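Could you walk me through this model in my viewer? I would like to know what to select at each stop and what I will find there.

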Amino acid sequence: MPAPSARPSSRSSRRAPELRFGDRWTFDPAPETADPKLKPRYDLFINGRFTAPKSGRYFETINPADERKLAEIALAGAADVDAAYAAARRAFPAWSRLPGAERGKYLFRIARLLQDRAREFAVAETLNGGKPIKESRDFDVPMTAAHFFYHAGWADKLEYVAPGARVAPLGVVGQVIPWNFPLLMLAWKLGPALAAGNTVVLKPAETTSITCLKFAEILQEAGLPPGVVNFVAGAGETGAAVVAHPSADKIAFTGSTEVGKAILRSLAGTEKKLTLELGGKAANLILDDAPLDQAVEGIVNGIFFNQGHVCCAGSRLLVQESVAEEVLARLRRRIATLRVGDPMDKNTDIGAINSRAQLKRITALVASGVREGATLHQPACVLPEKGFYFRPSVFSDVTMSHRIAREEIFGPVLSVLTFRTIDEAVEKANNTAYGLSAGVWTGKGSRILKLSAELKAGVVWANTYNKFDPASPFGGYKESGFGREGGRHGLLDYVRVG
Ligand code: NAP
Ligand code: MG
């Protein structure tokens, strides 16, 4: 994009006029039109079949972009969760004894079948979750397939997961996933579990069950033996039943730190293995020698990707004081060009907030930032009347004591802080209860090496942000949880070594 860098800084007295949405380019609508092939009603997926819930209850799932109902989803009660675990337990002996190469064939087939239906799944993911279609199409669906391909390759090479030791599957695994990357989180959970020979009971998030239950169609098409994977939809209560079930040998959870802590407490004293992937409040560090235009793109990708509903989002921007004013000015100009609105439009950069509850939470945290004295910058974009939307927001004049600098907002909201020395940057970056990810922008390799060693985060990106690869382990320190997903380390969390 043309960067009008000759303009005076936005904080000087000769303030440049604010750019408004659409000032530079107008775009014709570019709606994605593929058919998501939704059913009016989705049942639970237990023992290889779509099964009406014993609870007899269904709940509505909507499109957060316009609040319209998309489908009814079966609600799994305790008896349904029981049936799912019983199916997984029955399926375990045969599945775990299958030669790895045979399990791998199922995973390859699943990956290819998803690729065949990529557009359909991308549209369904966007409809139910609110994320821009260009992200579902170019990130969520291809990365989901990539995780199945990657783990398919591991299935017959498990002896290299822990060289020199014998590895065995754990048994039946209970998994609970969030709503921000419904398909991808499902892949992060199923890929390693199945490759290693475990069977699964998985609960998708209440607001985003559709692609999970559509995925069950792929499992059927792939001929996956009944009971190897079971999906039980529902809200927190169903999640709690999955976690508490006595038949689970391991629990894998991704979601909020609050629920993660409750799960940790509830499993204390049991034999169940546990991995937790929880929240984050990542620092994205811009040093004085960073390429600033690239860094601004990285900041935007770091916080506005998926509306900021990203556990590893670069939500705390730490900028070296000498370049802070310039970075903020460029950032403000850049966010004025972001297109907010219909997620199904191929030009949309920021789609819908996932739910009314999440919008409320974001709104309350942003209000706290204003109340506590930070300065809020928002472009004057026009938001759709129906649906849940939030303007891309940048806070300057933030201090470490502000709630917006400490708490995970999980929305398109960036808090900008400054530092003078690199040591101060490290201290501020690490001064958080979380430790999931961080970013560093600098022209010097030596600074990258120093900072990536000193930042207490599971992933540190250098001169890039939000880059993922199935071979690269992902996970946190401190209140961001424990255990890794992806790579050899991710598989280690799904096997018994000995
Ligand atoms: P959450 O409540 O932790 O939800 C995560 C998953 O856990 C969902 O499937 C949820 O069901 C389920 N769940 C809820 N209570 C449970 C319980 N007691 N036992 C077992 N499972 C339970 O997160 P949220 O309410 O959706 O979001 C709240 C905040 O969590 C966000 O604002 C964000 O800060 C953080 N978050 C982090 C991540 C991440 O990737 N690390 C993802 C999502 C959210 P329901 O769908 O019914 O809630
Ligand atoms: Mg919840």
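Here is a short tour with two areas to visit, the surroundings of the ligand and a group of paired strands.

Before you start, keep in mind that this is a predicted model.

**Stop 1: around the ligand**

Select ligand 1 and show the residues around it: there are 26 of them. Then highlight G236, G239, G255, S256 and C311, which come nearest. Next, colour α7 (236–244) and α8 (257–267), the elements that each give two or more residues to this shell. The largest share, four residues, belongs to α7.

Now try colouring the shell by residue class. You should find 14 nonpolar residues, seven polar ones and five charged ones.

For a wider view, select domain 1 (41–277 + 478–497) and domain 2 (283–462) in two colours. Each of these domains supplies at least three residues to the shell around ligand 1.

**Stop 2: the strands around β5**

Move on to β5 (residues 68–74) and add β1 (residues 41–42) to the selection. These two strands run parallel and pair over two bridges. Pick Y42 here, and look across to β5 for its bridge partner, I73.

Keep β5 in view and select β4 (residues 58–63) as well. This pairing is antiparallel and has six bridges. F59 has its bridge partner in β5 too, and once again you arrive at I73.

Finish at the turn of the hairpin that β4 and β5 form, with four residues between the strands. Click on E67 in that turn: its phi is positive, at about 65 degrees.

How values were computed:
Residues numbered from 1 in each chain as written. Chains lettered and ligands numbered in written order. Predicted model: local features only at pLDDT ≥ 70, side-chain atom pairs only at ≥ 80, totals over all residues. Near = placed C-beta within 6 Å. Nonpolar A, V, L, I, M, F, W, Y, C, P; charged D, E, K, R; others polar. Domains from an automatic or database assignment. Pairing = 2+ DSSP bridges.
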